[in-house]
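Hello,

Here is the structure I promised to pass on to you. Have a look at it first, and then read on for what turned up in it.

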Amino acid sequence: MVFVGFGFLMTFLRRYSYSAVGLNFYLSCMCMLEFIFFGGAAQQGLFAGKISRIVLDLPLMIDSAFCAAAAMISFGAVIGKVAPAQILWLLAIEVPIYVFNVWLAVDVLGCLDMGGSVTIHAFGAFYGLGAALVLSRPGAGSSHPKNGASYISDVTAMIGTVFLWIFWPSFNGAMASSAGPGLEDQQFYCVVNTVVSLTGACLMAFTVSSFVENKLNMVHIQNATLAGGVAIGSSANFAMVPGVSLLIGLCAGALSTLGYCFIMPSLENAIKLQDTCGVHNLHGMPGLFGGLVAALVSIFGAGANTALLPLGGATWWHQIIAVITTFVISLCAGALAGWIVGKVQIPSTKQKLAVEDLYDDSLFWSEVEAEEESSHVL
């Protein structure tokens, strides 16, 4: 999902497909290795002196992939607008902050987040959006002539969409354990709830897109069809009737599509937020929505999920606090990191990009020719 799904989903940019796939590949590997150190040290007690070395095990490796997923979501907010060296440092700074936020939200506050609606999707989205607010420049938004797709690039992006859609149940259920009373069916619920929620999001994305614009919009189909997987993440392992998971998917699909239609343009006009991939619509809002849904499920579904609620009746307000703190930490940390990488000059990295060089591979990749002004008709 990280290497193929996110990588190809970002190839919709017709002049930036090499960087979308290539940088996604490189930066994901970097973030996974960095997490193994910071995350492994935090999880296993290296910083507290409990162990003298980090032991590689399957949960740590899965968590490192989750961290890479959060980083690639952040990458999607700034892709094409900043130099690769700046993106590298932006995501390198993100990893230890991600580790801290997971510890605070899950270990301290007891956040319900099996599939990462809050700690992966919302965190990654708002970290990237915070950086985008600081790093974006006039002329780099949706009006830029190269910030767009072609017929072919939209098709390659759909490869990422379908790949993510198919494998999302495994993402949400990767860490579901069957050890312990009441936990035997966790992974089963993760798969079933995620599939049902994804189907609901897919149906609603097509419906809302065609209703609002009178035709189907490929941007909506590439992204909003996945919003059900994001929103169900926090409560994916809960025992619930299929109608509930379907409703979550329907709401997430509608929310994401309407975000692309109305909220994203409004934010760009109001606060100059330039969100290249629309991570606010696919990961940010559905991630927060999923975290709040888990708070409701912990109240109304408590009887069937007692083993998943160690905090009992206090779970719902702990969940809300975790959602709020994740939003604040990610947005502020992203803005600070964006300010740092924007101010620090890195020698020999082509850090200063002219507006006309944005969203263009030719500056960083061989065998990619610069586009003639008249070579592409918009």
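Val162 has a relative accessible area of 41%, so this residue counts as partly exposed. You will find Val162 in helix α6. If you would like a long span to try out in your viewer, go from Val162 to Leu27: the two are 135 residues apart in sequence, and their C-alpha atoms are 22 Å apart in space. Please keep in mind throughout that this is a predicted model.

Helix α6 also holds Tyr151. With a relative accessible area of 73%, Tyr151 is exposed. From Tyr151 to Asn223 there are 72 residues along the chain, and 16 Å separate the C-alpha atoms of the two.

Now to the salt bridges. How many salt bridges does the count come to? The count comes to 2, and Asp360 takes part in one with Arg15 and in another with Lys146.

Take the pair of Asp360 and Arg15 to begin with. Their side chains meet with a distance of 3.0 Å from N to O. This pair links distant parts of the chain, with Asp360 in the segment after α12 (315–343) and Arg15 in the loop between α1 (2–9) and α2 (17–44), 345 residues apart. Are these partners buried or exposed? Asp360 has a relative accessibility of 3%, and because buried means under 20%, Asp360 counts as buried. Arg15 is buried too, at a relative accessible area of 16%.

In the salt bridge between Asp360 and Lys146, the closest N and O atoms are 2.6 Å apart. Distant parts of the chain are linked here as well: Asp360 belongs to the segment after α12, while Lys146 sits in the loop between α5 and α6 (151–173), and their positions lie 214 residues apart in sequence. Both Asp360 and Lys146 are buried. Salt bridges with shared partners thus join Arg15, Lys146 and Asp360 into one network.

Right beside Asp360 in the numbering is a residue to check for its backbone. Tyr359, in the segment after α12, has a phi near 55 degrees, which is a positive value in a residue other than glycine. Tyr359 is buried, with a relative accessible area of 1%. Glu367 is found in the segment after α12 as well. Its phi is positive too, at about 65 degrees, although Glu367 is not a glycine. At 76% relative accessibility, however, Glu367 counts as exposed.

Next, the helices. Two packed helices are described by the angle between their axes and the distance between the axes. For helix α4 (residues 84–108) and helix α5 (residues 117–135), the axes come within 11 Å and cross at roughly 140 degrees. The two helices are therefore oblique to each other. The crossing in which α4 passes α5 is right-handed. Which residues make this contact? On the α4 side they are Leu90, Ile93, Glu94, Ile97, Tyr98, Asn101, Val102, Ala105 and Val106, and on the α5 side Thr119, Ile120, Phe123, Gly124, Tyr127 and Ala131. Sorted by class, the contact of α4 with α5 has 11 nonpolar, 3 polar and 1 charged residues.

Helix α5 also meets α12. The axes of α5 and α12 come within 7 Å and cross at roughly 35 degrees. Again the crossing is right-handed, with α5 passing α12. The residues of the contact of α5 with α12 divide into 18 nonpolar, 7 polar and no charged.

One residue of α12 is worth a click of its own: Thr315. Thr315 counts as buried, at 2% relative accessibility. What is Thr315 in contact with, leaving aside its neighbours within four places in sequence? The contacts are with Leu112, Ser298 and Leu309.

If you want a place to start, I would suggest the network of Arg15, Lys146 and Asp360, and after that the right-handed crossing of α4 and α5. Do write back with any questions.

Best wishes

Notes:
Residues are numbered from 1 along each chain as its sequence is written. This is a predicted model: local features need pLDDT of at least 70, side-chain atom pairs count only at pLDDT 80 or more; totals for chains, interfaces and linings use all residues. Side-chain values use heavy atoms; hydrogens and water are left out. Axes are lines fitted to C-alpha atoms, for helices over the stretch in contact, and angles run from 0 to 180 degrees between N-to-C directions. Helices (H or I, at least four residues) and strands (E, at least two) are DSSP runs, numbered from the N terminus. Angles under 35 degrees count as roughly parallel, over 145 as roughly antiparallel, 65 to 115 as roughly perpendicular and the rest as oblique. A crossing is left-handed if the near helix is turned anticlockwise from the far one by less than a right angle, and right-handed if clockwise. Contact means heavy atoms within 4.5 Å. Ala, Val, Leu, Ile, Met, Phe, Trp, Tyr, Cys and Pro count as nonpolar, Asp, Glu, Lys and Arg as charged, and the others, Gly among them, as polar. A salt bridge is a side-chain nitrogen of Lys or Arg within 4 Å of a carboxyl oxygen of Asp or Glu. Buried means under 20% relative accessible area, exposed over 50%, partly exposed in between (1.4 Å probe, protein chains only).
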